[in-house]
Amino acid sequence: MSEQTIFHKIIAGEIPCEMVYETDEVLGFNDIHPKAPTHVLFVAKREEDFVPSIMDLTDETAHVPCKLIHAAQEFAKEKGIDGYKLTFHCGAKGGQEVFYLHLHFMSQQEL
Ligand code: AMP
């Protein structure tokens with residue numbers, strides 16, 4: 001089994017988070033060190049969708065980033081946010097610190 005990251009623990013409810021979006025498949029929660037007035041992280045909840053990084057995607061998990069992007073788009077629509085940045089940090093040399101695939105959603109608009 002792969003190593004448990006802090007995001008595994010957030011999804012399992014073992015560590016608290018400020019949840020702002022949830023479906024059966026995706027969780028969105030506020031980044032603990034926000035770099036914009038709205039800074040949300042989107043992660044896939046299902047075990048079969050776990051992938052450490054964009055750099056580890058396979059044919060079986062290639063759909064996961066699309067789920068996260070779609071969740072971010074739905075979240076923005078729900079909240080009336082009409083401009084934002086979406087970022088994946090890819091690998092340690094790309095600035096990735098948590099090896100549980102996540103999408104950064106950043107907007108200058110506040111929730
Ligand atoms: P990355 O550099 O792409 O791996 O980003 C990891 C992000 O997770 C950083 O922006 C951190 O501030 C954020 N982070 C780390 N621990 C937590 C936590 N417990 N709750 C919310 N965000 C966190």
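**View 1. Five strands build an open sheet in this predicted model.** The strand order is β1-β2-β3-β5-β4, and the pairing is antiparallel. β1 and β4 are the edge strands, each pairing on one side only. Neighbouring strands are turned by 20° against each other on average, with direction ignored. What holds strands together in general? Strands of a sheet pair through backbone hydrogen bonds, either parallel or antiparallel.

**View 2. β4 meets β5 at one end of the strand order.** The two strands run antiparallel. How many bridges join β4 to β5? Three bridges do so. Look for Leu86, which stands opposite Phe105 in β5.

**View 3. Helix α2 packs on the sheet.** The helix touches β1, β2, β3, β4 and β5. Its direction makes about 140° with that of β3. The contacts come from the buried residues of α2, which pack against β1 (19-22), β2 (26-30), β3 (38-44), β4 (85-87) and β5 (103-107).

**View 4. Helix α2 runs through residues 64-79.** Count 16 residues here. At 1.5 Å a residue, they should span 22 Å. The C-alpha atoms at the two ends are 23 Å apart, which agrees. After the helix comes Gly80, whose phi is positive, near 70°.

**View 5. Helix α2 has a buried side and another side with exposed residues.** Which residues of α2 are buried? They are Val64, Pro65, Leu68, Ala71, Ala72, Phe75 and Ala76. These residues cover an arc of only 135° around the axis, so they sit on the same side of α2. The spacing fits a general rule. An α-helix has 3.6 residues a turn, so residues three or four places apart point the same way. On the other side of α2, Cys66, Lys77 and Glu78 are exposed.

**View 6. Four residues are linked in a network of salt bridges.** The members are Glu25, Arg46, Asp49 and Lys67. A search of the whole structure finds four salt bridges. Three pairs from this network are shown in the next views.

**View 7. Glu25 and Arg46 meet through their side chains in a salt bridge.** The N to O distance is 3.2 Å. Glu25 lies in the loop between β1 and β2, while Arg46 lies in the loop between β3 and α2. The pair links distant parts of the chain, 21 residues apart. Are these two residues buried or partly exposed? Glu25 is partly exposed, with a relative accessible area of 26%. Arg46 is also partly exposed, at 33%.

**View 8. Lys67 and Glu25 form a salt bridge.** Their side chains meet at 2.5 Å, N to O. Why does this pair tie together separate parts of the chain? Lys67 lies in helix α2 and Glu25 in the loop between β1 and β2, so the pair joins parts that are 42 residues apart in sequence.

**View 9. Lys67 and Asp49 form a salt bridge.** The N to O distance between these side chains is 2.6 Å. Lys67 belongs to helix α2, and Asp49 to the loop between β3 and α2, 18 residues apart. Asp49 has a relative accessible area of 4% and is buried, because buried means under 20%.

Terms used:
Residues numbered from 1 in each chain as written. Predicted model: local features only at pLDDT ≥ 70, side-chain atom pairs only at ≥ 80, totals over all residues. Heavy atoms only, no water. Helix = DSSP H or I, 4+ residues; strand = E, 2+ residues; numbered from the N terminus. Expected span 1.5 Å × (residues − 1). Buried < 20%, exposed > 50% of the residue type's maximum accessible area, 1.4 Å probe, protein only. Arc of directions from axis to C-beta. Contact = heavy atoms within 4.5 Å. Pairing = 2+ DSSP bridges. Axes fitted to C-alpha atoms, helices over the stretch in contact; angles between N-to-C directions.
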